[in-house]
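Work through the exercises below with the sequence and model open. Try each task before reading its solution.

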Amino acid sequence: MNRHLLRMAALALILSSAPPLVARGGEAITDAGAVRERISADISASLSHASTAPATRPLTSRPAVLGVKHTPPPAAPAAAIVSAPPDTTPDGIWSDLLAGNRRFVADHPNARPYTRERDQLVGDQHPRAIVLGCADSRVSPELVFDQSLGDLFVVRTAGNIVDPIALGSLEYAVEHLHAHLLVVLGHTSCSAVKSAVAGGEMPSSYLQAIVDRIRPTVQRLSNCFEGDELVERSVIANARQSAADIVSNSALLRAAVSKGQLKVMSAVYDLRSGVVTSVSAPAASAVAQVPGH
Ligand SMILES: [Zn+2]
């Protein structure tokens with residue numbers, strides 16, 4: 001018999017000689033006999049449920065009888081909450097970015113305490129990842145990966161291509177900010193890639209420079225594909241090519257990859273679904289993605 005039943009049995013004995021005013025759940029019970037019947041019913045009910053009631057059922061779930069409050073047992077010390085340290089390896093960071101992308105796709109982004117984060121980031125920054133993305137307004141890396149201030153070092157150019165200024169920016173993030181993952185993020189229906197597929201002269205030398213950088217990739221695929229399929233396959237190939245260009249053109253970044261301090265990968269964002277998918281070459285290591293592979 002548990003403590004609750006013992007308490008009620010003791011109260012029944014007391015009531016047999018002293019009939020007080022009883023209130024139970026707002027119901028007035030003025031007759032001692034009725035009280036004893038109620039307690040007996042409680043005991044019977046408790047016995048009938050003894051085999052199924054959870055062992056941890058709190059005493060306070062039972063109604064107070066005779067104005068005597070059940071004293072809940074002292075709370076057991078809360079188990080220490082031990083959270084695993086964040087995985088700071090490139091693969092761990094990528095997994096975290098994909099988890100953020102799933103939140104974005106599901107329309108459940110994390111709440112952001114921006115005021116506190118701004119204060120914490122005033123003096124320094126330690127972005128976990130670098131993203132070279134297209135400047136397209138529909139492909140904001142922080143939103144796509146559900147990241148916050150200070151999480152991503154982002155460089156964006158039309159067609160996510162690499163020029164000297166972009167490469168210098170990426171080098172800064174690796175050399176001075178010590179980021180260990182660099183993601184080239186292309187996207188479906190990229191206008192820069194479409195322009196390269198369409199061919200023809202662009203209205204300015206600067207626009208032409210963008211298309212000229214993508215066109216060799218498109219030409220390699222144009223013998224096998226055409227139309228929309230050529231565009232989407234070129235998007236993937238262009239992201240891979242930019243990853244290869246980064247490593248082949250920057251001795252600093254190439255050395256970081258060789259030392260295992262940096263992983264360069266490529267991915268594509270789907271404008272319709274919001275899903276980001278890795279499209280890195282099977283070897284994964286950017287060292288193996290130098291031009292010619
Ligand atoms: Zn684009």
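**Exercise 1. Pairing at one end of the sheet**

Which residue in β7 stands opposite A267?

Solution. The partner is S278 in β7. Residues are numbered from 1 along each chain as its sequence is written. This is a predicted model, in which local features need pLDDT of at least 70, side-chain atom pairs count only at pLDDT 80 or more, and totals for chains, interfaces and linings use all residues. Helices (H or I, at least four residues) and strands (E, at least two) are DSSP runs, numbered from the N terminus. Now widen the view to the strands. β6 (residues 263–269) and β7 run antiparallel and are joined by 3 bridges. Two strands pair if DSSP finds at least two bridges between them.

**Exercise 2. Lay out the sheet**

Give the strand order, then find the edges.

Solution. Step one: the open sheet has 5 strands, ordered β4-β3-β5-β6-β7, with mixed pairing. Step two: β4 (152–157) and β7 (276–278) each have a single partner strand, so one side of each lacks a neighbour in the sheet. Step three: neighbouring strands are turned by 25° against each other on average, direction ignored. Step four: helix α3 (residues 90–105) packs on this sheet and touches β3 (129–134), β5 (181–187), β6 and β7. The direction of α3 makes about 35° with that of β5. Here axes are lines fitted to C-alpha atoms, for helices over the stretch in contact, and angles run from 0 to 180 degrees between N-to-C directions. Contact means C-beta atoms, placed from the backbone, within 7 Å.

**Exercise 3. Examine β5**

How many residues of β5 are buried?

Solution. The count is 7 of its 7 residues. A residue is buried if 20 or more other C-beta atoms lie within 10 Å of its own, exposed if 12 or fewer, and partly exposed in between; C-beta atoms are placed from the backbone. Sort the residues by face. L181, V183, L185 and H187 lie on one side, and L182, V184 and G186 on the other. Next, take the partners. β3 and β5 run parallel, joined by 4 bridges. V184 is the bridge partner of L132. β5 and β6 also pair in the parallel sense, over 7 bridges. There, L182 stands opposite V264.

**Exercise 4. Check helix α8**

Test the length of α8, find its bend, then trace its packing.

Solution. Length first. The expected span is 1.5 Å times one less than the number of residues. For the 17 residues of α8 (residues 205–221) that should give 24 Å; the end C-alpha atoms are 25 Å apart, which agrees. Next, the bend. α8 bends by about 35° at R215, and the proline P216 follows within four residues. The bend is the angle between axes fitted to the seven residues ending there and the seven starting there. Last, the packing. Buried residues of α8 include I210, I214 and V218. The buried residues of α8 pack against α7 (191–198) and α9 (227–249).

**Exercise 5. Place A237**

Is A237 buried or exposed?

Solution. A237 lies in helix α9. A237 has 20 C-beta neighbours inside 10 Å, so A237 counts as buried. Beyond neighbours within four places in sequence, A237 contacts T217 and L221. A237 and V218 are 19 residues apart in sequence and 8.1 Å apart in space, C-alpha to C-alpha.

**Exercise 6. Judge the confidence**

What is the mean pLDDT of the protein?

Solution. The mean is 80, and 68% of residues reach 70 or more. pLDDT is the predictor's confidence in each residue, from 0 to 100. Over residues 8–69 the pLDDT is below 50.

Key
Contact = placed C-beta atoms within 7 Å.
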